[in-house]
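Open your viewer and get ready to select a few residues at a time. We will go stop by stop, and each stop says what to look for.

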Amino acid sequence: MADARDTRFMQVALELAQAAADIGEAPIGAVLVDPDSDEIIAQDHNRPIGLNDPTGHAEILVLREAAEKIGNYRLTGLELFVTLEPCTMCAGAISHARIGRLVYAAPDKKGGAVDHGVKFFDQPTCHWRPDVVSGVLAGDSAEQLRSFFRARRKKSVQKP
């Protein structure tokens, strides 16, 4: 269930998503939080283009940073806030990291893997399932994504 705390951290993720959009990356942001202290452990946005890295999704970058910071690849009990439903790659990483709670904003019917597509956490081969909350500031995230891709389509149509 979403609350004011979820909304606060999702707003940070949305600001990160805007930073991604500002540099031409898909507007997706992620924030990893310690629920005991409400400390933000790591935060980032999508950067596959800038990093020349197909795994440069916001969730993956945040998990890498936190694991390095903590000194352990298990991030048990931490909470991940992300502006778009994670894809299969990211859902797998979330499971392997043992994230305690995943909060995402907008659903992704085409590429999402939590409540759509492969429904990764529902698979019998999934070893760890976080608690999942969806829809926190979903409208804001969806509009941010629509605006970004609308502008990109407009630019590609205008090129000679």
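Before we start, one term: a residue is called buried when its relative accessible area is under 20%, exposed when over 50%, and partly exposed in between. Keep in mind that what you see is a predicted model.

**Stop 1: a helix**

Select residues 58-70, which form helix α3. This helix has 13 residues and reaches 18 Å from its first C-alpha to its last, close to the 18 Å expected at 1.5 Å a residue. Now colour A58, E59, I60, L61, V62, L63, A66 and A67: these residues of α3 are buried. What do they pack against? Show β1 (29-34), β2 (39-45), α2 (48-51), β3 (79-84) and α4 (88-97), and you have the partners of the buried residues of α3. Just after α3 comes G71, whose phi is positive, near 80°.

**Stop 2: a pair within the helix**

Stay on α3 and show the side chains of K69 and E65, which form a salt bridge with their closest N and O atoms 3.6 Å apart. Both residues lie in α3, four residues apart, about one turn of the helix. An α-helix has 3.6 residues a turn, so residues three or four places apart point the same way. Is each partner buried or exposed? K69 has 53% relative accessibility, so K69 counts as exposed. E65 has a relative accessible area of 31%, so E65 is partly exposed.

**Stop 3: a network of charges**

The whole structure holds ten salt bridges. For another of them, select E79 and R5, whose closest N and O atoms are 2.7 Å apart. E79 belongs to strand β3 and R5 to helix α1 (residues 4-22), so this pair ties together parts that are 74 residues apart in sequence. Both E79 and R5 are buried.

Keep E79 selected and add R101: their side chains also meet in a salt bridge, 3.5 Å from N to O. R101 lies in strand β4 (residues 101-106) and E79 in strand β3, so the pair ties together parts that are 22 residues apart in sequence. E79 and R101 are both buried. Next, add D6, R8 and D38 to R5, E79 and R101, and you have one network joined by salt bridges that share partners.

**Stop 4: the largest pocket**

Finally, look for the largest pocket, with about 200 Å³ of space. To find its centre, select I28, H57, L84, C87 and D108, the closest to it of the 13 lining residues. The lining is made up of six nonpolar, three polar and four charged residues.

Note on methods:
Residues numbered from 1 in each chain as written. Predicted model: local features only at pLDDT ≥ 70, side-chain atom pairs only at ≥ 80, totals over all residues. Heavy atoms only, no water. 1 Å grid on protein atoms, 1.4 Å probe; cavity = no way out; pocket = protein on both sides within 12 Å on 5 of 7 lines; lining within 4 Å. Points joined across faces, edges and corners; volume = space filled by probe spheres on them. Nonpolar A, V, L, I, M, F, W, Y, C, P; charged D, E, K, R; others polar. Helix = DSSP H or I, 4+ residues; strand = E, 2+ residues; numbered from the N terminus. Expected span 1.5 Å × (residues − 1). Buried < 20%, exposed > 50% of the residue type's maximum accessible area, 1.4 Å probe, protein only. Contact = heavy atoms within 4.5 Å. Salt bridge = Lys/Arg side-chain N within 4 Å of Asp/Glu carboxyl O.
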